[in-house]
Amino acid sequence: MKNNAKEAKKNTKEKLPKKKGVFVLKESHDKLLEALGWLYYARCDQLTRLFYSPAMYTTVSTRLKELVEHDYVAYISLTANGKNAKRIYTLTGKGMSYLKDTGRLPLERKFEPRNLERSPFFLPHTLDVADFMIAFSILVANDERFDIVSKKHEIDFNRDKRVD
């Protein structure tokens, strides 16, 4: 009898519709969006390392999922050796507009994930650049002798060279 009650309760939970309502960006979401605006592409473990302890990985993953569900962020899921690799997150047009509207991205930035370079080295290299930028951010946070004057990604430098 107890098993039937548990089963019925379980089935009821599965049938309930998801809560619909207005999604409000919290400070924790905002930090992730700003980081993606700076890094272009990042994995969950990189974003966790940038702001939190490793124990917060699941929390960061949940926040990224919320941002994906509300179309601020998209992800690329690649396979390596027949296995799914970690998701690589990037801003969508909505996420980019949010950062532009709050003055944290230049209005002329037009980068979108579908403009992804065709080189097989692009994403691994860009993620390595993100690792370096995150490491330097952590250094700056822990050593007052260092400072970040401008957060400019290698992609921005390359774009500037093409414009000149």
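Reading from the N terminus, the elements of the chain run α-α-β-α-α-β-β-β-β-α-α-α. That comes to 7 helices and 5 strands. Keep in mind that this is a predicted model.

Some whole-chain numbers help set the scene. Of the 164 residues in the chain, 32% are buried. The accessible surface comes to about 11600 Å², and 54% of that belongs to carbon and sulfur atoms. As for contacts between residues at least 6 apart in sequence, 57% of them join residues at least 24 apart.

**Helix H2**

Let's start with H2, which covers residues 27–39. How far apart are the end C-alpha atoms of this helix? They sit 18 Å apart, and since 13 residues at 1.5 Å a residue should span 18 Å, the model agrees with the expected value.

H2 is also largely enclosed by the rest of the structure, because 10 of its 13 residues are buried. On the buried list are the polar or charged names Ser28, His29 and Asp30, along with Leu32, Leu33, Ala35, Leu36, Gly37, Trp38 and Leu39. Right after the helix comes Tyr40, with a positive phi near 70°.

**The sheet**

Next up is an open sheet of 3 strands, ordered E1-E5-E2 and paired antiparallel. Strand E1 (42–43) and strand E2 (73–76) are the edge strands, each pairing on one side only. In general, strands of a sheet pair through backbone hydrogen bonds, either parallel or antiparallel. Here, E2 and strand E5 (residues 88–91) run antiparallel and are joined by 4 bridges. If you want a spot to look at, find Tyr75, which stands opposite Tyr89 in E5.

**A salt-bridge network**

A search of the whole structure turns up 6 salt bridges. Which residues are linked in a network of salt bridges? They are Arg43, Asp45, Arg49 and Asp131. The idea behind such links is simple: side chains of opposite charge can pair when their charged atoms come close. Here are the pairs in the network:

| Salt bridge | Closest N and O atoms |
|---|---|
| Asp45 and Arg43 | 2.9 Å |
| Arg49 and Asp45 | 3.9 Å |
| Arg49 and Asp131 | 3.1 Å |

Take the pairs one by one. In the Asp45 and Arg43 pair, are the partners buried or exposed? Asp45 counts as buried because its relative accessibility is 18%, under the 20% cut-off. Arg43 is buried too, with a relative accessible area of 18%.

Asp45 also forms a salt bridge with Arg49. Both of these residues lie in helix H3 (residues 44–51), 4 residues apart, which is about one turn of the helix. That spacing suits a pair, so to speak: an α-helix has 3.6 residues a turn, so residues three or four places apart point the same way.

Arg49 counts as partly exposed, at 35% relative accessibility. Its side chain also meets that of Asp131 in a salt bridge. This pair links distant parts of the chain, with Arg49 in helix H3 and Asp131 in helix H6 (residues 122–142), 82 residues apart. Asp131 counts as partly exposed as well, at 24% relative accessibility.

Technical notes:
Residues are numbered from 1 along each chain as its sequence is written. This is a predicted model: local features need pLDDT of at least 70, side-chain atom pairs count only at pLDDT 80 or more; totals for chains, interfaces and linings use all residues. Side-chain values use heavy atoms; hydrogens and water are left out. Helices (H or I, at least four residues) and strands (E, at least two) are DSSP runs, numbered from the N terminus. The expected span of a helix is 1.5 Å times one less than its number of residues. Buried means under 20% relative accessible area, exposed over 50%, partly exposed in between (1.4 Å probe, protein chains only). Two strands pair if DSSP finds at least two bridges between them. Contact means heavy atoms within 4.5 Å. Accessible areas come from the Shrake-Rupley method with a 1.4 Å probe; for residues, only the protein chains shown count as cover. A salt bridge is a side-chain nitrogen of Lys or Arg within 4 Å of a carboxyl oxygen of Asp or Glu.
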